[in-house]
Amino acid sequence: MRIVSGIQPTGNLHLGNYLGAIRNWVAMQDEWTAKGATCLYFLADLHAISMPHNPADLAASTRDMVAALVACGIDPDRSILFNQAQVAAHAELQWLLAGTARMGWLNRMTQWKDKAGKNREGASVALFTYPVLQAADVLLYQATHVPVGEDQKQHLELARDIAQKFNADFASDDAPVFTLPAPIIPPQAARIMSLRDGTAKMSKSDASDQSRINLTDDADTIMQKVKKARTDPEPLPHEPAGLADRAEARNLVGIYAALTGRDVASVLTEFGGQGFGRFKPALGDLLVDRLAPIAARYRALREDRAALDAILSAGAHKARDAAQPTLDAAYAALGLVRAVG
Ligand code: TYM
C-alpha cells in the first residue's frame, strides 16, 4: 500500500485543507505505516509556479508549510515529507507522460477552466499541463491511495486515464508500468465552503481573509470570523434535509460535524431549533479548541529554518530512491535509450 498526496505551498494552510485532506493524511499515516505501508506527502512547489508568483514568498511559504504539516501531525520519521523541486523525477516523468495525455482530456479539467477564465491565451502552459505533473506525482510512487478533497477528484481520474493508456500502449498486461491510484475523499468535509459565500469553496486564493479560517489564526480572529460568517435568519432545522437549500448553514454545521467526528443528523439533534446566535459561539469555541494546539506547535516549529530544511532534504533523499524504479521502467517502456552508470 502506497499513500501519496500533495499540497501547494502558497498562502496559509486553511480549514478546508485540514478537514478535506491533511487530517486524513495524518490518520492514514497513523494507521497504515505501522502495518508496513509507505506514506509520501509533498509540497507541490512545482505546481505553484503555474500561476504568477513571487519567488521569495514561495521559498518562505514552502518552509512554513513544512512546519504546518508537522504541527498537524505529519511525522517525518514515519512519512516521507519533501518538496517536488528536490526530486527531479517528478518533472522528468511529467514529460514522459505528456506523450500519453490528450489535449481533449486537459481541456475538460474544471480547474483549468476556472483558473484560466476568459484569458486562455494568456494563461501559462504550466497551468494547462498541471494535471499531467499531478499524475506524475502519484504514478511515480505506484500510489494506491491518494487522500484529497473533492476538488481534486477530477485530476485523480485523469491520472488513472493516463496510467491506463500508458500501460495499454507501452506495457504488457501482466507487467503494467503504473498502478491505478484511488482517491480517498472524506465522507464529511470533502468540500468546505467560504465563510462569505456558501457556493464558493474555501480557498487560499480568495482575496478576502474573512472567507477562510487559517490554521494560524488566533482565538479572537477565529471567533470574529465565525461570528461574521454569512448565514440566513432562520433557526437550524431538526433534520439534514432542512439544510438542502441553505448552503451557508450546511457548511457551518458540516464543519461542526467534521471537527467532532459526528454526523450532521446528530449535530442537528443538539442544535435544531436554535438560531445562529447560539450555534456560532459553540462552533467558534470548538474551532479554537481544536486549532489552538496546532497553531502553537506551528509557531514554534517555523522558527527553526535549518530543521525544516533538514526535514525536506532527508525526505527528498528517500523520495528519490522510491521514485527511481518506476522512472527507469517508464523510460525503458518508451524505448528511450539511457547509458546507465
Ligand atoms: P491544494 O493545495 O489546493 O489543496 C490541498 C488539499 O486540500 C484540499 N482542499 C479542500 N478540501 C476541502 N474543502 C476545501 N475548501 C479545500 N480546499 C483544498 C484539496 O482537495 C487537496 O487535497 N493540485 C493539488 C496539489 C497536488 C496533489 C498532487 C494532490 C499536486 N500534486 C498529487 C494530490 C496528489 C492542489 O492544488 O491542492
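**View 1. Polar contacts of the ligand with Gly149, Gly16 and Lys204.** In this predicted model, a backbone N or O atom of Gly149 lies 2.9 Å from an oxygen atom of the ligand, a polar contact being a pair of N or O atoms within 3.5 Å. A nitrogen atom of the ligand is 3.1 Å from a polar backbone atom of Gly16, and the side chain of Lys204 places an N or O atom 3.2 Å from an oxygen atom of the ligand. Of the 710 Å² of accessible area that the ligand has on its own, the protein covers 97% (Shrake-Rupley method, 1.4 Å probe).

**View 2. The shell around the ligand.** Among the 27 residues around the ligand, those that come nearest are Gln8, Tyr130, Asp137, Asp151 and Ile192, where a residue counts as near if one of its heavy atoms lies within 4 Å. By class, this shell has 12 nonpolar, 11 polar and 4 charged residues, with Gly counted as polar and Tyr as nonpolar.

**View 3. A salt bridge in helix 8.** The side chains of Lys165 and Asp169 meet in a salt bridge with an N to O distance of 2.9 Å, the term requiring a side-chain nitrogen of Lys or Arg within 4 Å of a carboxyl oxygen of Asp or Glu. Because Lys165 and Asp169 are 4 residues apart in helix 8 (residues 153–170), about one helical turn separates them (helices are DSSP runs, H or I, of at least four residues). The structure holds 15 salt bridges.

**Notes.** Residues are numbered from 1 along each chain as its sequence is written, and side-chain values use heavy atoms, with hydrogens and water left out. Local features need pLDDT of at least 70 and side-chain atom pairs count only at pLDDT 80 or more, whereas totals for chains, interfaces and linings use all residues.

Technical notes: A polar contact is a pair of N or O atoms within 3.5 Å; within protein, one must be able to donate a hydrogen and the other to accept it, and residues adjacent in sequence count only if both atoms are side-chain atoms. Helices (H or I, at least four residues) and strands (E, at least two) are DSSP runs, numbered from the N terminus.
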